[in-house]
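Student: I would like to learn how to read a structure like this one. Could we go through it feature by feature?

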Amino acid sequence: MAKKVERLHVNFKTLEEFKKFREFGHQELSMMEDLQDNLIENDSESPFYGIYFGEKLVARMSLYRVNGKYDRYFNPPQDYLELWKLEVLPDYQDQGYGTSLVQFAKQYGVPIKTNARIKSQEFWEKMGFQPATYDMERDKGENPLIWFPEGVTEQKANS
Ligand code: COA
């Protein structure tokens, strides 16, 4: 059964939950500082979406809409979603949480780009993602994968 995906709000409780995730870094720290310094309002919307099990945040991802002006991946160039920081806490993996988050992103009906972590390749293949062929100047260590709605879009050809 699909799990309920919620848009996460920036507050001290959410940021405390974020500390349990491996990919806790600069973005979360600067959200924390902005909240402490009142630069952002308590409970303002964040780019993160997540799934709770009871009171506990057990899965999350960050989703940004990228303007088609900057599109290097799709033909024709268009707005797409950048999906990153997808992570499910260890005790909750393999129970459909990751799938539910990816399905939520797909509902927007626009292409999606992500960077697969090592060892998660098979998961992304199951989700219908494929390696980006165009972005040859990718930074070392990046592994861009893309998904697009059937029939609407194709990958930009490698010139
Ligand atoms: N390798 C291979 N297959 C994987 C996988 C992985 N790392 N993670 C999930 N799958 C498979 C599942 O077995 C399932 O297959 P099925 O449909 O045939 O049953 C399918 O992908 C969907 O799985 P789901 O339960 O939705 O995945 P998830 O909730 O565990 O989310 C990740 C997937 C990768 C986001 C999550 O496991 C995660 O955050 N992992 C931690 C980081 C990581 O990449 N770990 C890799 C192992 S060290």
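Student: Which backbone atom does the side chain of N11 reach?

Tutor: A polar contact is a pair of N or O atoms within 3.5 Å. This is a predicted model, and in it the side chain of N11 comes to 2.7 Å from the backbone nitrogen of T14. The side chain of N11 also makes a polar contact of 2.8 Å with the side chain of D43.

Student: Where is N11 found, and is N11 buried or exposed?

Tutor: N11 is in the loop between β1 (6-10) and α1 (12-18). For burial, look at the relative accessible area: buried means under 20%. N11 counts as buried because its relative accessibility is 15%.

Student: Now the ligand. Which residues come nearest to the ligand?

Tutor: Here a residue is near a molecule if one of its heavy atoms lies within 4 Å of it. There are 17 residues around the ligand, and V88, D94, G96, G98 and T99 come nearest. The space that the ligand takes is the largest pocket.

Student: Which elements each supply at least two residues of the shell around the ligand?

Tutor: They are β5 (80-88), α3 (97-106) and α4 (121-126). By residue type, the shell around the ligand has 7 charged, 6 polar and 4 nonpolar residues.

Student: What lies 2.5 Å from an oxygen atom of the ligand?

Tutor: That is an N or O atom in the side chain of T99. Backbone atoms take part too: a polar backbone atom of V88 is 2.8 Å from an oxygen atom of the ligand, and a backbone N or O atom of Q95 lies 3.0 Å from an oxygen atom of the ligand. The ligand taken alone exposes 870 Å², and the protein buries 70% of that.

Student: Is V88 buried or exposed?

Tutor: V88 counts as buried, because its relative accessibility is 13%. V88 has its place in strand β5. For a sense of distance, compare positions along the chain with positions in space: V88 and E154 are 66 residues apart along the chain, and their C-alpha atoms are separated by 30 Å.

Student: What about N115 and K85: how many residues apart are they along the chain?

Tutor: N115 and K85 are 30 residues apart along the chain, and 9.0 Å separates their C-alpha atoms. N115 lies in strand β6 (residues 112-115). N115 counts as partly exposed because its relative accessible area is 30%.

Student: Which sign does the phi of K85 have?

Tutor: Phi is a backbone angle, and its sign can be read residue by residue. K85 has a positive phi of about 55 degrees, although K85 is not a glycine. K85 is in strand β5, and K85 counts as buried because its relative accessible area is 9%.

Student: And D94: where does D94 lie, and is D94 buried or exposed?

Tutor: D94 lies in the loop between β5 and α3. D94 counts as exposed because its relative accessible area is 85%. D94 is not a glycine either, and D94 has a positive phi of about 65 degrees.

Student: One last feature. Which residues does a cis peptide bond join?

Tutor: For this, read the angle omega. The cis peptide bond joins N75 and P76, with omega about -5 degrees. P76 is found in the loop between β4 (74-75) and β5.

Conventions. Residues are numbered from 1 along each chain as its sequence is written. This is a predicted model: local features need pLDDT of at least 70, side-chain atom pairs count only at pLDDT 80 or more; totals for chains, interfaces and linings use all residues. Side-chain values use heavy atoms; hydrogens and water are left out. A polar contact is a pair of N or O atoms within 3.5 Å; within protein, one must be able to donate a hydrogen and the other to accept it, and residues adjacent in sequence count only if both atoms are side-chain atoms. Accessible areas come from the Shrake-Rupley method with a 1.4 Å probe; for residues, only the protein chains shown count as cover. On a 1 Å grid over the protein atoms alone, a cavity is a set of points where a 1.4 Å probe fits but cannot get out, and a pocket is an open set with protein on both sides within 12 Å along at least five of seven lines; lining residues have an atom within 4 Å of a point. A molecule sits in a cavity or pocket if more than half of its atoms lie within 2 Å of its grid points. Helices (H or I, at least four residues) and strands (E, at least two) are DSSP runs, numbered from the N terminus. Ala, Val, Leu, Ile, Met, Phe, Trp, Tyr, Cys and Pro count as nonpolar, Asp, Glu, Lys and Arg as charged, and the others, Gly among them, as polar. Buried means under 20% relative accessible area, exposed over 50%, partly exposed in between (1.4 Å probe, protein chains only).
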